[in-house]
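User: Could you take a close look at one part of this model for me, and then carry on to anything else that goes with a careful read? Plain language is fine, I'm at the bench.

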Amino acid sequence: MYAKIIVEIGVKNVDKTFTYIIPNDLQNKVKVGCRVTVEFGKQILEGFILEILNTLDNIDYELKEIKELIDEEPILNKEMLELGNIISNKTLSSKIKCYQVMLPKALKASHKTKINKKMDKYILLNDTNNLEEYLKKCKYPKQKEILTNLIKNKELKITKLDSTIKTLLKHNLIKIEEREYYRYNYNTNSKDKKVILNNDQQSVINKVTNSFGTPKTFLLYGVTGAGKTEVYMNIIENAIKEEKTAIMLVPEISLTPQIVERFSLRFNNNIAILHSGLSDTERYDEYRKITSGQVKIVVGARSAIFAPLTNIGIIIIDEEHTSTYKQDNDPKYHARDIAILRSQYHKCPVLLGSATPSLESMARAANKVYELLTLTKRAGSGHLPKVSIIDMKKDLKKGNFIISESLDNKIKEKLAKKEQIILLLNRRGYSSMLTCNKCGETAKCPNCDISLTYHKNSNMLRCHYCGYATLKYNKCKACGSTDLKDYGLGTERLEEELKKNYNARIIRMDMDTTSKKGAHQKIIDSFANHEYDILVGTQMIAKGLDFPLVTLVGVINADASLNFPDFRSSERTFQLLSQVSGRAGRADKPGEVIIQTYNNNHYSIVLASKHDYLSFYLEEMKIRKQLNYSPYYYIILVSISTKDYELSFKVAKKVGDYLRDNLSPTTYVLGPTMANIFRINNVYKQQCIIKYKQDNKLKQTLFNLNEHYKTNNKVNVEIDINPNRL
Ligand code: ADP
Ligand code: ZN
Ligand code: ZN
């Protein structure tokens, strides 16, 4: 017998299966989807079996045998194998990459560290009638102690087989049982809060539950605090009642530990949790809970969409507009698309939920491709907060560059009332750049076309793109002047200013304070326990957090995301402002939001302040229509990267010409142009943008382009279908 095996070779997108002989002793053990090791050239590689054949015709090279079978049961089941093919086809990524992306590290082919399941050993009494007799006669206190303990407690966890236990085993009085032990522990210290659902929530739950068994997509547009999480949990309960399973995706669990808590309180041990904050072993254990059929619910970030549950009853994607649901490297898949593919396979509905649905999803709902469900009011006692926009141009004249007069007053008021405050500033570090007042020279990264950020705590200048860091210098590199000034504002400086000006306990959450495992959770817990009055942070504080004592949210600079050169920057700004506003006044105390901006008339800021998603949607759709952007046109980004400056221009032109020559006349090809930041880590990046509605030449053209460059070592041509950013 023979097997066709796929292995991962290098980083390039090469897709090929290789045929190996199945040795006799493995013939009735191998299964499609299992991993094996094979000799490949001079290396030993791991690969997946994709096909098993009884005979082979005309082979003109010498076949080798499979060396070793790694798995007893397939790692890739039938659905995953099919799904991998579809993703490979849709994203132009190699099949092997598409298979690998579905698996935790410990189960990928060619992983470096072997991880095994961990077992605990227990001893239990055997059903024997000589136990009492034995106990009476027994002269050894240790044996007696164990036996009486077992009579009382039924079982005992042991760490090693000592002589006492060995003797008891020999006398057939006890037996050993091994049970799998899971390394990931999440602590829950509060109680599950059962609420009485309101009619709107009940109606959403009913509509989705009534569609169990049909592959249908719902879009739930529900304001922040409308009780969407409650709705999700009820739908999942209904799926469990029907003996089905459920996947629940959240943007990034390490940022929203509260959701884990709520789910584990409601569903106890019936959930597995998959997210990037887990160690490889913990992740492997959580995955084992799924494959062993022990849990019916999977809660996780993007890649949890591949959880190998069988009999899925419902797939939920919370905060569906979040950009992290799209993977930026190969395979460049979107979790929403995978959800819909899996819903067709399992014949189950998909529920997308958000307070600010992506324009794409809302447009699909408007076109009845998705069914729209709405929750327009907050569920509990909380109300949507009152939002004020502060024109910083005016405050700047009064000398307020960081905190406006209004925000200052509000901070003082809330501190006096012992309420909590969240301040958002979407830039980490101390200042955004260091500039010479004499000659105007700015500290730049030597590897990138970007200015360095000053980090005061470490006294370093850092590049946020390539990681370059250097000690802060006191003399201008160009003219030697010591008159250097730091411009711009980062979270570090904001924290410092707050400490100077207010008598308050302040904690900061950004990439610099959360690099250690569990650091997010610690900050969130301590803020929730009211050990701090003010939480300062980047956008990682905007998502999903629920702190009842927070009555004031301040956005220090709403323009940061607005000024980003991308067609989605208004949408992102609207989403961010709405999300962060949603953190205020979630319980009985009313919430207030203050947005500081230099663009106080911008529609995305004005409409976010009015909680008016629908008007924003209509306004933004008009602009997208005028500019031929998504969702009116599909967008594809073709980027050309190389370390060779000259080559970058040459190849970019060739790619642009090729696309123009081969795509339909109704398709637009823009560029090539230099990327927003032309050079990152000494790689030059150019790009072409394809905009199309329908183009039957598209697939072949992209395929050819991909094939042509995938073995080129000097230039990397990447194709990103529906990219997050341009
Ligand atoms: P969302 O996910 O839409 O932001 P949540 O589900 O987190 O909203 O609900 C917000 C708050 O309202 C939570 O504290 C939740 O317990 C509470 N809540 C949800 N539904 C109800 C209800 N029907 N009655 C009272 N409180 C509710
Ligand atoms: Zn750099
Ligand atoms: Zn200078």
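Analyst: Let's start with Lys347, which takes a positive phi of about 50° just after helix α10. Keep in mind that this is a predicted model.

Now back up into the helix itself. α10 covers residues 335-346, twelve residues in total. From first C-alpha to last it reaches 16 Å, close to the 16 Å expected at 1.5 Å a residue. Nine of those twelve residues are buried, so α10 is largely enclosed by the rest of the structure. The buried set is Ala335, Arg336, Ile338, Ala339, Ile340, Leu341, Arg342, Ser343 and His346, so if you're scrolling through the side chains, note that both Arg336 and Arg342 are on that list.

What do they sit against? The buried residues of α10 pack against two helices, α1 (78-91) and α11 (359-366), and against strands β9 (217-222), β10 (245-249), β13 (312-317) and β14 (350-354).

Further along the chain, have a look at the zinc ions. For the zinc ion (ligand 3), the protein donors are the SG atoms of Cys436, Cys439, Cys476 and Cys479, at 2.3 to 2.4 Å. The angles among these four donor atoms run from 104 to 112°, and the site is tetrahedral. Along the sequence, the donors are spaced C-x2-C-x36-C-x2-C. Two of them link distant parts of the chain: Cys436 is in strand β18, while Cys476 is in the loop between β21 and β22 (484-487), 40 residues apart. Cys436 is buried, at 2% relative accessible area, and Cys476 is buried too, at 7%.

The zinc ion (ligand 2) also has cysteine SG donors, here from Cys445, Cys448, Cys463 and Cys466, lying 2.2 to 2.3 Å away. This site is tetrahedral, with angles of 103 to 115° among the four donor atoms. For reference, the ideal angle for four tetrahedral donors is 109.5 degrees. The donor spacing for ligand 2 reads C-x2-C-x14-C-x2-C. Cys445 sits in the loop between β18 (433-436) and β19 (453-455), and Cys466 in the loop between β20 (460-462) and β21 (469-471), so this pair ties together parts that are 21 residues apart in sequence.

How enclosed are those two cysteines, buried or partly exposed? Cys445 is buried because its relative accessible area is 3%, whereas Cys466, at 23%, counts as partly exposed.

Key. Residues are numbered from 1 along each chain as its sequence is written. Chains are lettered from A and ligands numbered from 1 in the order in which they are written. This is a predicted model: local features need pLDDT of at least 70, side-chain atom pairs count only at pLDDT 80 or more; totals for chains, interfaces and linings use all residues. Side-chain values use heavy atoms; hydrogens and water are left out. Donors are N, O and S atoms within 2.8 Å of the metal (3.2 Å for Na, K and Ca); water is not among the atoms, so sites may look incomplete. Four donors count as tetrahedral if all angles lie between 85 and 135 degrees; four count as square planar and six as octahedral if opposite donors are over 155 degrees apart and all others between 65 and 115; anything else is irregular. Helices (H or I, at least four residues) and strands (E, at least two) are DSSP runs, numbered from the N terminus. Buried means under 20% relative accessible area, exposed over 50%, partly exposed in between (1.4 Å probe, protein chains only). The expected span of a helix is 1.5 Å times one less than its number of residues. Contact means heavy atoms within 4.5 Å.
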